[in-house]
Amino acid sequence: MSETTQKETLGFQTEVKQLLHLMIHSLYSNKEIFLRELVSNASDACDKLRFEAIADDSLYEGDNELMIHVGFDKEARTITISDNGIGMSRQEVIDNIGTIAKSGTKQFLEALTGDQAKDAHLIGQFGVGFYSSFIIAGKVSLTTRRAGSSEAVRWESEGEGEFTLETVDKDKHGTEIVLHLREGEDEYLDGWRLRNIIHKYSDHITFPIMMPKMAAGEEETAGGDEQVNKASALWTRSKNDVTDEEYNEFYKHVAHDFEDPLLHVHSRVEGKLEYSSLLYIPAHAPFDLWDRERNHGLKLYVKRVFIMDDSEHLMPSYLRFVRGVVDSNDLPLNVSREILQSNRVIDSMRSGSVKKVLDALQKLANSDADKYASFWSEFGKVMKEGPAEDAANREKIAKLLRFASTHQDTEEQSVSLDEYISRMQEGQDKIYYITADSFNAAKNSPHLEVFRKKGIEVLLLSDRVDEWLVSSLTEYDGKTLSSVTKGELDLGELEDEEQKKQQEESDKLFEGLIEKVKETLGDKVKDVRITHRLTNSPSCLVVDENDMSANLERMLKESGHAIAGSKPILEVNPEHPLVVKLNDESTQQRFDDWTNLLFEQALLAEGGQLDDPASFVARLNSMLLELSA
Ligand code: ADP
Ligand code: MG
């Protein structure tokens, strides 16, 4: 008999309540996954104990045959899942079961639509694990004792906002979960049914999953236990022996995802170093992809023994969405996080794995454009961090990048640099791009006018990360990436000589005007010059080749950086009627207003902010009045 202490009743965190409600309603079409989730947790718990016991084998308490038991009781209408893994302390139970510490949970819940199919999909990305027991259970009782501790605790809940905790006795370390089935869920009180579910989802679990022996062809158990899964590490098996279903189920276990992955890469390296890796690209980005605190997703094993989750040393940050396992034959079992920081074996497994992932993505891009497009829309923004972070693979990553461009003029990022190059004009030696803070600002920028006229494609970059990208990716395939808003427009051989001569002559006519405009604008600008990059607009702003782009400057300022900022250069279009008129006697008394407007509208057109908007409005109004007079 257990000696119990007073029961304590605690409330679920609001988020948990909402999630529980959602679980039950959106996942009921796939109820059987409760078992997969509980077995997955039991397996994680065994992994953790085995790892901790490397340093202190007294934690085993003499019981080192780690395994998982699944049983059922027809009379009591219960299913029991137990493990002799690490177990949980009282505080761990409170922290892990009943609270959701994951950052971004609130936003996640706000994103839910009430549409069952969509919500089920979102929940899948969230990975609600343990709570899936409430899909079939009206009451769940979890009894656990952390290995090495004497205090055991029982957690019980009906999944409706509250749970109780009480101190109990428990002989074995580990966790036992009893599901009291809801009315109408009796189909799960069947040894064959449970075996089937285990076979379908949990065959890859590396610890034995035991069930009461069944007498052949009978419903009743025959006494004694038997192992119902293969229990061999999937990643150590030969590729030919593993089915897609097995790969997919293993993914769900390691990635804590509910959906199938987009692709997997399974490989074994032999020779000086020996390791196996099984890496996955998820189909969808997790909702906390942008949470910098979030750890990376690879599990490190050493000779089949789990060492740690989330080893950030195994994947660079721009591939933080990759999930899976890397299993080394060369590291010592007692490897510590400190050792991992600078370790030859880790470094070479990491570079090998990165290469595998990049190659697999390239293969996907070549063979299945639709699938690649879906990958890009989920993870493209993260991949764009790659060229800055991983100089060694810059060219490889650059090949995988996709952009919007003036070729289709749609927001969809589907143009590769190779495709761009294949469309380059004769005489074109640069890859042109524009950065702006929105797609429309990029697409409609006055800077593109001459490029559109000449049919030269320009990449339209409007993700925040793009500025960072172009600062590190300055060249591809021997061609410079060149911003159309920087420096003097130099179309090189794309300009025809005749036109150039004509322009130089017309420029002379405007020399006086340019000086006057410069004087009027004073220190608002660095310089004023005639431009031939515009066709429809009277003016635009550019920055010097080596200055920060106006877009980057705005981004930095918005994020609270105090930066000096560089002054822009005003370029005016000598063919525009407004500029022609400005060179005319008749406009001289309003010269100041006209000039300032030329400057201000150029600033606005590229998404900049006016220093003195009220004066701008006053100027505009007085000119409109003049017009209508
Ligand atoms: P996840 O597995 O994605 O972390 P779960 O909801 O499945 O989420 O589990 C929540 C946490 O509860 C786990 O991370 C683990 O810390 C703890 N837990 C669940 N089941 C067990 C178990 N059988 N033994 C020890 N800890 C467990
Ligand atoms: Mg889990």
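Three exercises with worked solutions follow, on a strand, a ligand site and one helix residue.

The model is predicted: local features need pLDDT of at least 70, side-chain atom pairs count only at pLDDT 80 or more, and totals for chains, interfaces and linings use all residues. Residues are numbered from 1 along each chain as its sequence is written, chains are lettered from A and ligands numbered from 1 in the order in which they are written, and side-chain values use heavy atoms, leaving out hydrogens and water.

**Exercise 1. Strand E16**

Find how many residues of E16 are buried, and which strands E16 is joined to.

Step 1. Locate E16 at residues 430-435. Helices (H or I, at least four residues) and strands (E, at least two) are DSSP runs, numbered from the N terminus.

Step 2. Check cover. Buried means under 20% relative accessible area, exposed over 50%, partly exposed in between (1.4 Å probe, protein chains only). In E16, 6 of 6 residues are buried.

Step 3. Sort the directions. Lys-430, Tyr-432 and Ile-434 point one way. Ile-431, Tyr-433 and Thr-435 point the other way.

Step 4. Find the partners. Two strands pair if DSSP finds at least two bridges between them. E16 has 4 bridges to E19 (residues 479-483), and the two run parallel. Here Ile-431 stands opposite Leu-481. E16 also has 3 bridges to E17 (residues 459-461), again parallel. There Thr-435 has Leu-461 as its bridge partner.

**Exercise 2. The site of ligand 1**

Work out which residues come nearest to ligand 1, and which polar contacts their side chains and others make.

Step 1. List the shell. A residue is near if one of its heavy atoms lies within 4 Å of the molecule. Of 12 residues around ligand 1, the nearest are Asn-41, Asp-83, Asn-96, Phe-130 and His-256. Helix H2 (residues 33-55) gives the largest share, 3 residues.

Step 2. Look for polar contacts (pairs of N or O atoms within 3.5 Å). A ligand nitrogen is 3.0 Å from a side-chain N or O atom of Asp-83. A ligand nitrogen is 3.3 Å from such an atom of Thr-175. A ligand oxygen is 2.6 Å from one in His-256.

Step 3. Add the cover. Taken alone, ligand 1 exposes 530 Å², and the protein buries 82% of that. Areas come from the Shrake-Rupley method with a 1.4 Å probe.

**Exercise 3. Ser-40**

Decide why Ser-40 counts as buried, and which residues it contacts.

Step 1. Place Ser-40 in helix H2.

Step 2. Ser-40 counts as buried because its relative accessibility is 7%.

Step 3. Find contacts (heavy atoms within 4.5 Å). Leaving aside neighbours within four places in sequence, Ser-40 touches Ile-205 and His-253.

Key. Polar contact = N/O pair within 3.5 Å; in protein donor to acceptor, adjacent residues only side chain to side chain.
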